[in-house]
Amino acid sequence: MTTSATSGAGLDESVHTVSLMVNGRLRSATVPARRLLSDFLRHDLGLTGTHVGCEHGVCGCCTVLVNGGAVRACLLLAVGVDGMEVTTIEGLAAADGGLHPVQQAFHDHHGLQCGFCTAGMVMSACDFLATNPDPTREEVRVGISGNLCRCTGYQNIVDAVEAAAVAVRESGMDPRARCPRSEAGDAGVGARARAGLGATPNVSGTSGRGPHGQGGPAHHDGAAGEDTAADVTAGDDSGDAGADEGGADDGGADDGGADDGGLGDDGGEDGAGR
Ligand code: FES
Ligand code: FES
């Protein structure tokens, strides 16, 4: 639906009703044509786990999955993905709060410091592991190189993605999907121990631009239909383990911090403005 409205700046602009299947739930909002997908998710849907850093496609903090492919939400207009399926960091943890194997691996390996980049890192890793489930360490570096960590925690991030690869393979799940149950996340812990990935090797990080999390949607074959996510329950709003879809902000690993982007409980303030 397209109508006309007057913006805060006094300018007439068209507004559009955008409907997306977000984390398995049909979500709609009426927004100006210029609304970025990142702002649509954060401000119109309250999914503040998707962080915004550079807002021009450099840092990867805003990475989400659109129709299963990693994209930078700050480079897309919400109207441009109308009818598509979007997965954000809030859509990974199990409905019972169990961490997704990639989240669990970041937690286990302390693949973060401040956590601002973490949601984007995790989303990129999910897409990367879906296309390369058994990567070499060098391939992991390339796979996440489109995401910048200002805390330069790359060694632990690479460790985490390696461990996540093992856990995802053992769980048999599609890493782009919501964790079906807590046990899938727990697999990450055991897999890491069996793989001997507990130590932190002395590996140089990279801040280059990789193939993941770049540009627009990788796939466009999805369409929003009815809300089919019977398995998406009130756990989406539980505020636990990144599953909250309406919390103040969720992105990092630490409970109760000022900002949480990928792993932990929310309850802190929205740290997107940092
Ligand atoms: S906010 Fe930096 S790439 Fe989108
Ligand atoms: S920016 Fe990556 S942990 Fe701080």
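Visitor: Leaving aside its neighbours within four places in sequence, which residues is alanine 125 in contact with?
Guide: This is a predicted model, and the contacts of alanine 125 are computed from it with the neighbours within four places in sequence left aside. Alanine 125 is also listed among the residues with the most contacts inside the largest nonpolar core, together with Val161 and Ala164. Its contacts are Val102, Ile144, Val161 and Ala164.

Visitor: How many residues does the largest nonpolar core have?
Guide: The residues with the most contacts inside this core are Ala73, Val86, Val122, Ala125, Val161 and Ala164. Among the elements that give two or more residues to the core are strand 2 (12-22), helix 1 (37-44), helix 2, helix 3 (118-131) and helix 5. The size of the core is 63 residues.

Visitor: Which element gives the most to this core?
Guide: Two of the strands, strand 4 (63-66) and strand 5 (69-72), are among the elements that give two or more residues. The element that gives the most contributes eleven residues, and 15 of its 18 residues are buried, so this element is largely enclosed by the rest of the structure. The element is helix 5.

Visitor: How far apart are the end C-alpha atoms of helix 5?
Guide: Helix 5 covers residues 154-171, and at 1.5 Å a residue its 18 residues should span 26 Å. The distance in the model agrees with that expected span. The end C-alpha atoms of helix 5 are apart by 25 Å.

Visitor: Is helix 2 largely enclosed by the rest of the structure, or exposed?
Guide: A residue counts as buried if 20 or more other C-beta atoms lie within 10 Å of its own, and in helix 2 the buried residues are Pro101, Val102, Gln103, Gln104, Ala105, Phe106, His107 and Asp108. Because eight of the eight residues of helix 2 (residues 101-108) are buried, this helix is largely enclosed.

Visitor: At what angle do helix 2 and helix 5 pack?
Guide: The axes of helix 2 and helix 5 are 8 Å apart, and their crossing is right-handed. The contact is made by Pro101, Val102, Gln104, Ala105, Phe106 and Asp108 of helix 2 and by Ala160, Ala163, Ala164, Ala167, Val168 and Ser171 of helix 5. By class, this contact has nine nonpolar, two polar and one charged residues. The angle between helix 2 and helix 5 is about 145 degrees.

Visitor: Which residue just after helix 2 takes a positive phi?
Guide: Most residues other than glycine have a negative phi. The residue in question is not a glycine, and its phi is near 50 degrees; its place is in the loop between helix 2 and helix 3. With 14 other C-beta atoms within 10 Å, this residue is partly exposed. The residue is histidine 110.

Visitor: Where is the place of glutamate 55?
Guide: Glutamate 55 is a residue other than glycine with a positive phi, near 60 degrees. Glutamate 55 has 16 other C-beta atoms within 10 Å and is partly exposed. Its place is in the loop between helix 1 and strand 4.

Visitor: What percentage of the residues of the chain count as buried?
Guide: The chain has six helices and eight strands, and among its contacts between residues at least 6 apart in sequence, 66% join residues at least 24 apart. Of the 274 residues of the chain, the share that counts as buried is 54%.

Technical notes
Residues are numbered from 1 along each chain as its sequence is written. Chains are lettered from A and ligands numbered from 1 in the order in which they are written. This is a predicted model: local features need pLDDT of at least 70, side-chain atom pairs count only at pLDDT 80 or more; totals for chains, interfaces and linings use all residues. Helices (H or I, at least four residues) and strands (E, at least two) are DSSP runs, numbered from the N terminus. A residue is buried if 20 or more other C-beta atoms lie within 10 Å of its own, exposed if 12 or fewer, and partly exposed in between; C-beta atoms are placed from the backbone. Two residues are in contact if their C-beta atoms, placed from the backbone, lie within 7 Å. The expected span of a helix is 1.5 Å times one less than its number of residues. A nonpolar core is a set of buried Ala, Val, Leu, Ile, Met, Phe, Trp, Tyr and Cys residues joined through C-beta atoms within 7 Å. Axes are lines fitted to C-alpha atoms, for helices over the stretch in contact, and angles run from 0 to 180 degrees between N-to-C directions. A crossing is left-handed if the near helix is turned anticlockwise from the far one by less than a right angle, and right-handed if clockwise. Ala, Val, Leu, Ile, Met, Phe, Trp, Tyr, Cys and Pro count as nonpolar, Asp, Glu, Lys and Arg as charged, and the others, Gly among them, as polar.
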